[in-house]
Amino acid sequence: MNSEPLSAITIPQALLYSDAISGPALQRIIEASASQCDTYLLTDADQIIPELVRGNFDILFLDIDAEGFEVDKLLPLVRRQFLLPELPVLVLSAPASETQRNAALELGATDFITTPPAAGDVALKTRNALAFRHCFKVHQAAEHLLERQVKVRTAKLNMLIDSGLMMSQEKSRDRLLTHILRQGQKLLHCDGGTLFLVTKNQSLRFAIRTRDDALPFQEIALYDPATGHINDRYASTYAANHKQTVIIDNAYTETRFDCSGTQAFDAKTGYRTVSLLTVPLAPRNGQVIGVLQFFNALDPETGAVIPFPEDIVELVEALAAQSAIALDNLQLIEGQKATTESIIRVLASAIDTKSPHTGHHCVRVPELAVMLAEAACRQNHGPLANFNFESEDQWLEFRVGAWLHDCGKVTTPEYVIEKATKLDMLFNRIHEIRMRFEVLLRDADIRRLETLLDGGNDLETHQRFEREKAELMADFAFIADCNMGRESMHPSDCERIKSIAEKTWLRYFDDTLGLSQQDTLRLQAEDKPALPVTERLLADKPKHIVPRPPNQVPDPALGIKMTIPDNMFNYGEIYNLSIQKGTLTAEERYKINEHIIETINLLEKIPFPDFLQRVPEYATTHHETLDGRGYPRKLTERELSIPARIMAVADIFEAITASDRPYKRPYKLSESIKILCNMKKNRHIDPDVFELFLTSGVYKEFAVKYLLPEQIDEVDIFEFLGPPA
């Protein structure tokens, strides 16, 4: 900073110490000789320090010849309070006081004036002392200014560092964009800003701005659609196309770029945009992904709109670089998450498509689970008031777990999933059994004809045949009915199956021909009887047993507590026809339930990132129950999280109401709610989640969307609310 001339300095204030006799004369001489000084006389030495501290004096005159004055005590006190250049001290002394004067100079006096003082001497030495002080003050002001600038710069650098740390941790795209814009506004000390993002259509889209005005819908093309040339018409497109910062001092006098859009916006809103600073956002790969545009830099002192200072450009470009990397990283992560979730959804859809009879279970359960979770998050009182997914990552974790809840079904054979009758395998084996009945009927007819040819009694022969025929027809009808699967089988029905099985037929053909290599190896240990051979009408044969290989036993480390059947499958005809409930054998039911073990096996092998660590839990606990009797791990109530309990209700309700299952009829809405209520009473599902399912209206919303119209009937939810009976 340039020093001011003394003539420009305000009138200095001088403090003069002397005795009451000499003081007034000295005061007059000083004021007359040093016309630039206003002099204040002080005759009490004890008041010198307090006056200097209290006042704002530019120079101190000390009459060291004053009676009783101890300069050797005073000057050290003065210099402890004021630096040598900060407060000039001129001592007044007679020639005879040379020793005392020299001591004063050594103790910090600036100069001396011999008394009686000559006017020229007073004027010169006063001016020199004040000039010396003025230089000090100018230097001090410059130093303070530099300190302030360093502090401001340091604060801005610290802001950049803190901003970079924050942006590296931020996972919300909206919060990140807002932070970038707000930090830029603080850094530049401007009135606001706008952030544009580059679209797939090679245009700039208004993403966010600091003002509350509605964002324009139109996008700004980076290329001329007619010629294909880059569009350098606007500051924003120029910055994006050339990766260069653009400063505009006045949008209304600008000639390089078209600012008509800004002016039109001002006319519409009443705002006036003057200065503009436009900075491209380009991450590591160098491809511009957006543009920051700030408007109206403000003077820190007056608040007036000023042009953006060029010395701030490097800082805001550093912010833009940080922002670009953070935004690019977040977009990459969001893209990976979106891709992952899409792949998982495709997998879930593929599992549903694998079996035409499972409908859209793997798709609908996640949707219902999310609806129920959203309802739970909205609760602000009651047992679920403290439950909440606080971040998008937690929602993603839950959705992924829901989408993968049946991924193990990729290993479940379709004929087991779709087993609509007891004898179903890859085909309905009722046809084999019917053919044996056909053989027995033809054998009976042949015996009738042979008897008649041998001269037997016509009437008796025909009656016997009709009795055999009626019995075969009745027995087959019974077997066919048993094959359909019932709610329960009476013991007498099982005895009748065994009785019918005792009937025999004659097989002439080798039943080991045309088999697969696997079946041939499995049957080679059996004795091969001579043909023809008499066989029972229904049989449980050794070949119907498929042993369980060692690799089909779950790893003990998985903590599986399900009862594992000894055999992989048992296709015995009597065994299958005697199934007590439904169409599945114990082996097949385990195979169905085993999908959850396979889900665990699959998910345990995936190195999920931290934000997806609970996916296996959410995907594999929907068959567990509060009473600890569920599967596969028989978890207890304390081990089941609220999301896991939500998954259980969603899975069960979708399965009950599904209208495309071959092994059951679709239940009406009221029937389905009643089944769930009974499961609540039996502590199979969580009562709080069940009641939320009803009171939130999620059950009805889902029903309207996915149930057949004839399934939807009136439900009095109050009938099912309250504690279990």
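Start with two strands in this predicted model. Select strand β6, residues 190-198, together with β11: seven bridges join the two strands, which run antiparallel. For one pair, pick L195, whose bridge partner in β11 is L292.

**Along β11**

Now show β11 alone, residues 290-298. Is this strand enclosed or open? Eight of its nine residues are buried, so the rest of the structure largely encloses β11.

Add β10, residues 276-281. β10 and β11 pair in the antiparallel sense, over six bridges. Click L276 in β10; F295 in β11 is its bridge partner.

Next comes β12, a strand of residues 305-306. Two bridges pair β12 with β11, again in the antiparallel sense. Here A297 stands opposite I306 of β12. β11 and β12 form a hairpin, with six residues between them. Stop at G303 in the turn, where phi is positive, about 80°.

**β10 and its other partner**

Go back to β10. How many of its residues are buried? Six of six, and the strand is mostly covered. In a regular strand, side chains alternate between the two faces of the sheet. Colour L276, T278 and P280 for one side of β10, then L277, V279 and L281 for the other; all are buried, and both faces are covered.

Then add β9, residues 246-248. Three bridges join β9 to β10, and these strands run antiparallel. I247 stands opposite L277 in β10.

**The helix against the strands**

Select helix α7, residues 235-242. Which of its residues are buried? A235, S236, T237, A239 and A240 are. What do the buried residues of α7 pack against? Show β6, β7 (203-209), β8 (220-221), β9, β10 and β11: these are the elements they pack against. Step past the helix to K243, which follows α7 and has a positive phi, near 55°.

**The largest nonpolar core**

Move on to another region. The largest nonpolar core holds 43 residues. Select F398, I646, I673, L676 and F693, the members that touch the most others. Then show the helices that each supply at least two residues of this core: α10 (361-377), α11 (392-403), α20 (642-657), α21 (669-681), α22 (687-695) and α23 (698-706). Which helix gives the largest share? α10 does, with ten residues.

Apart from this core lies another, of 27 residues. To find this second core, select L181, C190, I312 and L315, which are among its members.

Return to I673 for a closer look. Leave aside its neighbours within four places in sequence. What is in contact with I673 then? Light up F653, F690, F693, L694, Y699, V715 and F720.

**Last stop: the surface**

Turn to the outside and select L347, V410 and L602. They form a nonpolar patch on the surface. Together these residues have about 210 Å² of accessible area. L602 lies in helix α18, residues 586-604. Why does L602 count as partly exposed? Its relative accessibility is 34%, and partly exposed covers values between the 20% and 50% limits.

Note on methods:
Residues are numbered from 1 along each chain as its sequence is written. This is a predicted model: local features need pLDDT of at least 70, side-chain atom pairs count only at pLDDT 80 or more; totals for chains, interfaces and linings use all residues. Side-chain values use heavy atoms; hydrogens and water are left out. A nonpolar core is a set of buried Ala, Val, Leu, Ile, Met, Phe, Trp, Tyr and Cys residues joined through side-chain atoms within 4.5 Å. Buried means under 20% relative accessible area, exposed over 50%, partly exposed in between (1.4 Å probe, protein chains only). Helices (H or I, at least four residues) and strands (E, at least two) are DSSP runs, numbered from the N terminus. Contact means heavy atoms within 4.5 Å. Two strands pair if DSSP finds at least two bridges between them. Patches are made of residues with over 30% relative accessible area and no salt bridge: like charges are joined within 9 Å, nonpolar side chains (Val, Leu, Ile, Met, Phe, Trp, Tyr) within 5 Å. Accessible areas come from the Shrake-Rupley method with a 1.4 Å probe; for residues, only the protein chains shown count as cover. A salt bridge is a side-chain nitrogen of Lys or Arg within 4 Å of a carboxyl oxygen of Asp or Glu.
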